[in-house]
Amino acid sequence: MLSRVANNLFWLDRYMERSYGLVKLIITNYNSTLDSGEYSSWNGILKTYMNIESLDDLNEYDDAISIIDFRLFDKINPNTLINIISKARENARGVQEHISKEVWLTSNKFYLHINDKSIHKKFRRLDPIVFLEDLLSYNLMYYSSSDLTQERGNAFGFMNLGKYYERTLQSVDFLSYRLNQLSKEEYLLQESVFWKNLLLSIGGYQIYLKTYKSIFNANNIIELISLNQFFPRSIRYSLSKLSNHVMLLNKYNLKSDNELIFQVKKLENFVSYNSIGSINDQGLEIFLSKIKKRMKLRVSFYIILYHIKIILIL
């Protein structure tokens with residue numbers, strides 16, 4: 001397997017995971033603005049995820065529908081859905097001999113759908129939630145195809161490295177954006193609509209109710225998204241899956257090089273041996289910044305190095 005192939009597989013699933021998170025975030029924020037009538041929340045999303053400082057920089061986008069339109073279809077900003085899916089499909093096309101036919105077809109189908117000439121008119125005609133839920137179905141088809149048809153081996157391993165690396169960063173960014181924007185006074189409030197939408201945006205509403213059986217509480221939500229080992233989108237769960245796939249790649253390639261697994265396990269243990277009390281003591285922002293720094297500086301470096309060493313072995 002060439003380094004280029006490993007890199008394409010890694011980024012294929014990173015982009016697909018990123019597209020899923022983007023659509024879920026848009027759905028939740030749109031629902032939130034309907035409930036509250038407050039549109040300033042789009043400012044934070046545009047700044048955090050689109051590198052746009054303010055709605056004032058987008059003179060032609062002055063309501064929720066036009067902002068969603070921009071986040072989905074703008075071809076200039078690299079972080080819009082149409083560009084993310086185009087990059088995913090480009091990576092999939094370059095490694096067709098390494099992925100199953102179904103994985104290629106589902107990624108290509110999503111690309112053709114989002115680039116269809118009539119889709120913009122369809123978006124303006126339909127209810128935004130119906131339209132966005134339809135987009136999510138393409139992500140779910142891709143995940144299903146990958147899980148059911150992709151051969152377990154190097155390709156599957158690198159795809160999952162990309163998926164869980166991206167998911168970890170998304171969960172960190174999600175907590176940082178959604179909870180750090182609250183003041184100390186607001187942090188203590190039980191605002192049902194806000195908490196419900198927050199949990200829905202990361203797919204944690206049902207597991208929260210089953211786990212805590214209580215009114216919404218900021219500490220419980222932080223614990224769920226950071227430390228819960230059974231929630232598929234928690235930081236701890238994602239790091240655990242990341243380390244599992246590194247170990248499987250070692251097994252597939254008869255490798256004894258443990259630099260990457262050491263870095264991932266070290267970060268996983270850092271998260272696992274924290275508690276909601278210790279997170280509050282050091283501050284959520286500091287806790288999240290440590291994870292993000294280690295992910296971007298250490299784990300990403302050793303993933304790149306791992307690509308190179310796989311080639312040397314094969």
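**V172 and helix 8**

I began with V172 in this predicted model, and, leaving aside neighbours within four places in sequence, I found V172 in contact with I235, L288, I291 and K292. V172 is found in helix 8, which spans residues 154–180. I count V172 as buried because its relative accessible area is 2%, under the 20% cut-off for that term. I also looked up a pair that is distant in sequence: V172 and I225 are 53 residues apart along the chain, and their C-alpha atoms are separated by 8.7 Å.

N160 is likewise found in helix 8, and I noted its partners as D13 and H245, again not counting residues up to four places away in sequence. N160 has a relative accessible area of 3%, so I entered N160 as buried.

**S226 in helix 12**

I then turned to S226, whose place is in helix 12, residues 218–227. Which residues does S226 contact, leaving aside its neighbours within four places in sequence? I listed L175, I235, R236, V271, I279 and F287, and I noted that I235 is also among the contacts of V172. The relative accessible area of S226 is 0%, and S226 is therefore buried. Between S226 and Y237, which are 11 residues apart in sequence, the C-alpha to C-alpha distance is 8.6 Å.

**The chain as a whole**

Before going further into single residues I looked up the totals. The secondary structure of the chain comes to 16 helices and 0 strands, and buried residues make up 52% of its 314 residues. Of the contacts between residues at least 6 apart in sequence, 69% join residues at least 24 apart.

**The nonpolar core**

I recorded 90 residues in the largest nonpolar core, where those with the most contacts inside it are L72, I99, L135, L242, I291, M295 and V299. Helix 1, residues 3–36, gives the most to this core, with 14 residues. In soluble globular proteins, nonpolar side chains tend to be buried together.

I followed M295 out to its partners, and, not counting residues up to four places away in sequence, M295 touches Y165, T168, L169, L239, L242, L267 and S300. L242, one of these partners, is itself listed among the core residues with the most contacts.

L72 took me to helix 3, residues 64–73, which is mostly covered, with 9 of its 10 residues buried. The buried residues there are A64, S66, I67, I68, D69, F70, R71, L72 and F73, so that D69 and R71 stand in my list of buried residues beside L72.

**Helix 4 against helix 5**

Two packed helices are described by the angle between their axes and the distance between the axes. For helix 4, residues 81–93, and helix 5, residues 101–114, I noted that the axes come within 9 Å and cross at roughly 145 degrees. The crossing of helix 4 past helix 5 is left-handed. On the side of helix 4 the contact is made by L81, I82, I85, S86, R89, A92 and R93, and on the side of helix 5 by W104, S107, N108, F110, Y111 and I114. I sorted these residues into 8 nonpolar, 3 polar and 2 charged.

L81, which lies in helix 4, is buried because its relative accessible area is 0%. Apart from residues up to four places away in sequence, L81 touches S19, L22, V23, R71, L72, I114 and L135. The C-alpha atoms of L81 and L22 are separated by 7.4 Å, although the two residues are 59 apart along the chain.

**S19, from the side of helix 1**

Is S19 buried or exposed? At 0% relative accessibility S19 counts as buried, and its place is in helix 1. Not counting residues up to four places away in sequence, I found S19 touching L81, I84, I85, F110 and N139. The side chain of S19 reaches the backbone oxygen of M16 at 2.7 Å. S19 and A88 are 69 residues apart along the chain, with 9.3 Å between their C-alpha atoms.

**H113, last entry**

H113 lies in helix 5, and at 14% relative accessibility I count H113 as buried. With neighbours within four places in sequence left aside, H113 is in contact with I119, K122, D134, L135 and Y138. L135, which I had also entered as a partner of L81, is one of the core residues with the most contacts.

Notes: Residues numbered from 1 in each chain as written. Predicted model: local features only at pLDDT ≥ 70, side-chain atom pairs only at ≥ 80, totals over all residues. Heavy atoms only, no water. Axes fitted to C-alpha atoms, helices over the stretch in contact; angles between N-to-C directions. Helix = DSSP H or I, 4+ residues; strand = E, 2+ residues; numbered from the N terminus. Left-handed = near helix turned anticlockwise from the far one by under 90°. Contact = heavy atoms within 4.5 Å. Nonpolar A, V, L, I, M, F, W, Y, C, P; charged D, E, K, R; others polar. Core = buried A, V, L, I, M, F, W, Y, C linked by side-chain atoms within 4.5 Å. Buried < 20%, exposed > 50% of the residue type's maximum accessible area, 1.4 Å probe, protein only. Polar contact = N/O pair within 3.5 Å; in protein donor to acceptor, adjacent residues only side chain to side chain.
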